[in-house]
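Please open the model in a viewer and keep the selection panel at hand. The tour begins at the ligand and then turns to a pair of charged side chains.

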Amino acid sequence: MIRPAAPDDTPALVALAISTGLFQPDEADALLRAVLDDLHGGRLGRDHLAAVWCDAATGRPSGWAYFASNDKADRVWDLWWIGVDPAWHGRGVGDALLSFVESEVRRRGGRMLLIETSALPPTARARRFYEKRGYAVCGRVPDFYGEGDDKVVYVARVATAP
Ligand SMILES: CC(C)(COP(=O)(O)OP(=O)(O)OC[C@H]1O[C@@H](n2cnc3c(N)ncnc32)[C@H](O)[C@@H]1OP(=O)(O)O)[C@@H](O)C(=O)NCCC(=O)NCCS
């Protein structure tokens, strides 16, 4: 089941992001907890969304995504985070979340979804995941996250031109 994130979910969602190995606890607090607090505090626009995939049996969050409309572009959205509890990897949770994000972006009039990520090995699985789902590399910024750590930008059109 996929539902909007609630304020009570925040500790579990931050812990889940840390469990993927992509965030140290202090980074997760500074980035993800802060964004979720802003989201629930109404300090972000209405086109900022956090979606949570919950296990039907336990109701526990096993994956989540945060995405938002980019107000500097025409109907372009950014997927800022997608992550699944490692115990659930390879069971279709990421696929369900990404499909949900795409349909929500489409429903809200978006035409394009961008994803930025690092080119280093810890995100290799995520990059394969995006490529298999039709995302194409449209840019690369050498040494963006640090020396030797390039930023890779993926794009997919989620709606056909009117
Ligand atoms: C990238 C990520 C979100 C994918 O989530 P996931 O839940 O493992 O993804 P899925 O299970 O939907 O798909 C992954 C693979 O498992 C396979 N799969 C899907 N359903 C399956 C099932 N029921 N049983 C077994 N395998 C399955 C899919 O075929 C897919 O393989 P493919 O990519 O070769 O096609 C996850 O690996 C993750 O959280 N990574 C760490 C965080 C991260 O890197 N985030 C992105 C930062 S930019």
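A residue counts as near the ligand if one of its heavy atoms lies within 4 Å of it. The model on display is predicted.

Select the ligand together with the 20 residues around it; among these, Ile82, Val84, Gly90, Gly92 and Gly94 come nearest. Colouring this shell by residue class gives eight nonpolar, seven polar and five charged residues.

Next, display the polar contacts of the ligand. At Gly90, a polar backbone atom is 2.3 Å from a nitrogen atom of the ligand. At Gly94, a polar backbone atom lies 2.8 Å from a ligand oxygen atom. His89 takes part through its side chain, where an N or O atom is 3.3 Å from an oxygen atom of the ligand. Now switch on the surface: on its own the ligand has 940 Å² of accessible area, and the protein covers 72% of this.

Keep the surface visible and look for the largest pocket, which is where the ligand sits. Then select strand S4 (76-84), helix H3 (93-107) and helix H4 (124-132), the elements that each give two or more residues to the shell around the ligand. Which element gives the most to this shell? It is H4, with five residues.

Finally, move to Glu104 and Arg107, whose side chains meet in a salt bridge with an N to O distance of 2.6 Å. Both residues belong to helix H3 and are three residues apart, so about one helical turn separates them. To extend the tour, display the salt bridges of the model, which number 12.

Key:
Residues numbered from 1 in each chain as written. Predicted model: local features only at pLDDT ≥ 70, side-chain atom pairs only at ≥ 80, totals over all residues. Heavy atoms only, no water. Polar contact = N/O pair within 3.5 Å; in protein donor to acceptor, adjacent residues only side chain to side chain. Areas by Shrake-Rupley, 256 points an atom, 1.4 Å probe, with all protein chains shown as cover. 1 Å grid on protein atoms, 1.4 Å probe; cavity = no way out; pocket = protein on both sides within 12 Å on 5 of 7 lines; lining within 4 Å. Sits in = over half its atoms within 2 Å of the grid points. Helix = DSSP H or I, 4+ residues; strand = E, 2+ residues; numbered from the N terminus. Nonpolar A, V, L, I, M, F, W, Y, C, P; charged D, E, K, R; others polar. Salt bridge = Lys/Arg side-chain N within 4 Å of Asp/Glu carboxyl O.
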